[in-house]
Amino acid sequence: MASSQCPTDRNFIVVDFHYNGTFAPNPLVYFDPDRQSVGDVDFSAFEYEEFMEFLQKLTRTRSKDIYICLPQESLSQGIHTLVNDGDYKEFLDLAYANERRMNVYVDHYNEPIFEWIEEEENKDQDYSYEEDEDSVLSDTYSVNHEEDDAEYPFPANKTMGDRFLNKLCLHTLNVDDVYEDAEYVEPQYPVHDDRKPWNQVKPLLAPSSSRGSGAGPSQPPAAATQPPPTAAAQPPQPPPPATAQPPPPPPAAARPVPRRAPIGRSGRRQYSESIVKMALRRNIAGVGSSAENPAFLN
């Protein structure tokens, strides 16, 4: 980025030229430019065409899209075009009225800058409208809480006498109040009978209760009301006789071990020769030919 600091005359304006950069939207900025300040030139003596010739020599580029903006303003709020003599006169008036300084931007790619600015303003308006609407809703609508002692049009204890719901909520009710009209039925327990085998004894079930049905208690069976027999009237039963087990089968006869036929002299000789030949092939130490018995090796 080139820059020159030249002595300025008090009647001259200082122009900061920005070039070789790129405009980018949202928010509008001039990205990665080269910057050069000029304060020793009397721009008030120039016309528009002379100013454009000076700009082309300074930046060594040719571009007709030239914009100006005051240093204390953002690009999206203070940017202006510079395309004719009227714009150049406005450029000088703004510079002398604002501390004698002005920014000049060169657009090399003909970007739609004012369309970007309009889209940015629309987004800001939508965002501010949403904030205003939220504040209006929060101020207008309020939630009215019900009082604790408010009277309701329906009775709160409507299900107090419901028999089905009260059966489901026995832990919150008094059982004596619910079943005060029910008749007590003495429990029946199974009776042990020594005359029956253990695997044939069946427990006697208690009769079903008539609690909550409105009918009287059912009568227990006649067998359950009989007194249990005493131990003196029932003689002990002898244990069943044990069944005779069949004798085990006799053990299997041992198989005879076959005997091998005796080996003759020639067989032992052949066996020895085969062992010696195998040792010679494997180069076992201590085995080899000798002059005393050469025929044995052959």
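**Entry 1. Helix 1**

I began with the outward side of helix 1: the face turned away from its buried side carries Glu-49 and Lys-57, both exposed. I note here that the model is a predicted one.

I then listed the buried residues of helix 1, and found Tyr-48, Phe-51, Met-52, Leu-55, Leu-58 and Thr-59. Viewed down the helix axis, these buried residues fall within an arc of 125°, so they line one face of the helix. I set beside this the general rule that an α-helix has 3.6 residues a turn, so residues three or four places apart point the same way.

I checked the length next. Helix 1 runs over residues 48–59, twelve residues in all, and spans 17 Å from its first C-alpha to its last. The span expected at 1.5 Å a residue is 16 Å, and the value found is close to that.

What covers the buried residues of helix 1? I found that the cover includes strand 1 (14–19), strand 4 (34–38), strand 5 (66–69), helix 3 (85–97) and strand 7 (101–106).

**Entry 2. The nonpolar cores**

I looked up the largest nonpolar core and recorded 23 residues in it. The residues with the most contacts inside this core are Phe-17, Phe-43, Phe-51, Leu-82, Tyr-88, Phe-91 and Val-104. Strand 1, helix 1, strand 5, helix 3 and strand 7 each supply at least two of its residues. Which element gives the most to this core? I found that helix 1 does, with five residues.

I followed Phe-43 further. With neighbours within four places in sequence left aside, Phe-43 is in contact with Ile-13, Val-15, Phe-17, Val-38, Phe-51, Phe-54, Tyr-88 and Leu-92.

Apart from the largest core lies another, of eleven residues, and I noted Phe-23, Tyr-67, Tyr-105 and Ile-113 among them.

**Entry 3. The sheet**

I traced an open sheet of five strands, in the order 4-1-7-5-6, with mixed pairing. Strand 4 and strand 6 (80–81) stand at its edges with a single partner strand each, so one side of each is left without a neighbour in the sheet.

Within the sheet I examined strand 5 and strand 7, which pair in the antiparallel sense over four bridges. Ile-68 has its bridge partner in strand 7, namely Val-104. Val-104 is also among the residues with the most contacts inside the largest core.

I then turned to Asp-16, which lies in strand 1. Is Asp-16 buried or exposed? I found it buried, with a relative accessible area of 3%. Not counting residues up to four places away in sequence, Asp-16 touches Arg-35, Gln-36, Ser-37, Arg-101, Met-102, Asn-103 and Val-104.

**Entry 4. After helix 1**

I moved to the end of helix 1, which is followed by Arg-60, a residue with a positive phi near 55°. Thr-61 has its place in the loop between helix 1 and strand 5. The relative accessible area of Thr-61 is 18%, and a residue counts as buried under 20%, so I entered Thr-61 as buried.

Which residues does Thr-61 contact, leaving aside neighbours within four places in sequence? I recorded Asn-20, Gln-56 and His-108. Thr-61 and Asn-20 stand 41 residues apart in sequence, and their C-alpha atoms are 8.7 Å apart in space.

**Entry 5. Backbone geometry**

I kept the general expectation in view: most residues other than glycine have a negative phi, and most peptide bonds are trans.

Asn-20, in the loop between strand 1 and strand 2, has a positive phi of about 60° although it is not a glycine. I found Asn-20 partly exposed, at a relative accessible area of 39%.

Asn-26 lies in the loop between strand 2 and strand 3, and its phi is also positive, near 55°. I entered Asn-26 as exposed, with a relative accessible area of 51%. The peptide bond from Asn-26 to Pro-27 is cis, with omega near -5°. Pro-27 has its place in the loop between strand 2 (22–24) and strand 3 (29–31).

**Entry 6. The whole protein**

I closed with totals. The protein has nine helices and seven strands. Of its 298 residues, 19% are buried. Among contacts between residues at least 6 apart in sequence, 62% join residues at least 24 apart. The accessible surface comes to about 24,600 Å², and carbon and sulfur atoms account for 52% of that area.

Conventions. Residues numbered from 1 in each chain as written. Predicted model: local features only at pLDDT ≥ 70, side-chain atom pairs only at ≥ 80, totals over all residues. Heavy atoms only, no water. Expected span 1.5 Å × (residues − 1). Buried < 20%, exposed > 50% of the residue type's maximum accessible area, 1.4 Å probe, protein only. Arc of directions from axis to C-beta. Contact = heavy atoms within 4.5 Å. Core = buried A, V, L, I, M, F, W, Y, C linked by side-chain atoms within 4.5 Å. Areas by Shrake-Rupley, 256 points an atom, 1.4 Å probe, with all protein chains shown as cover. Pairing = 2+ DSSP bridges.
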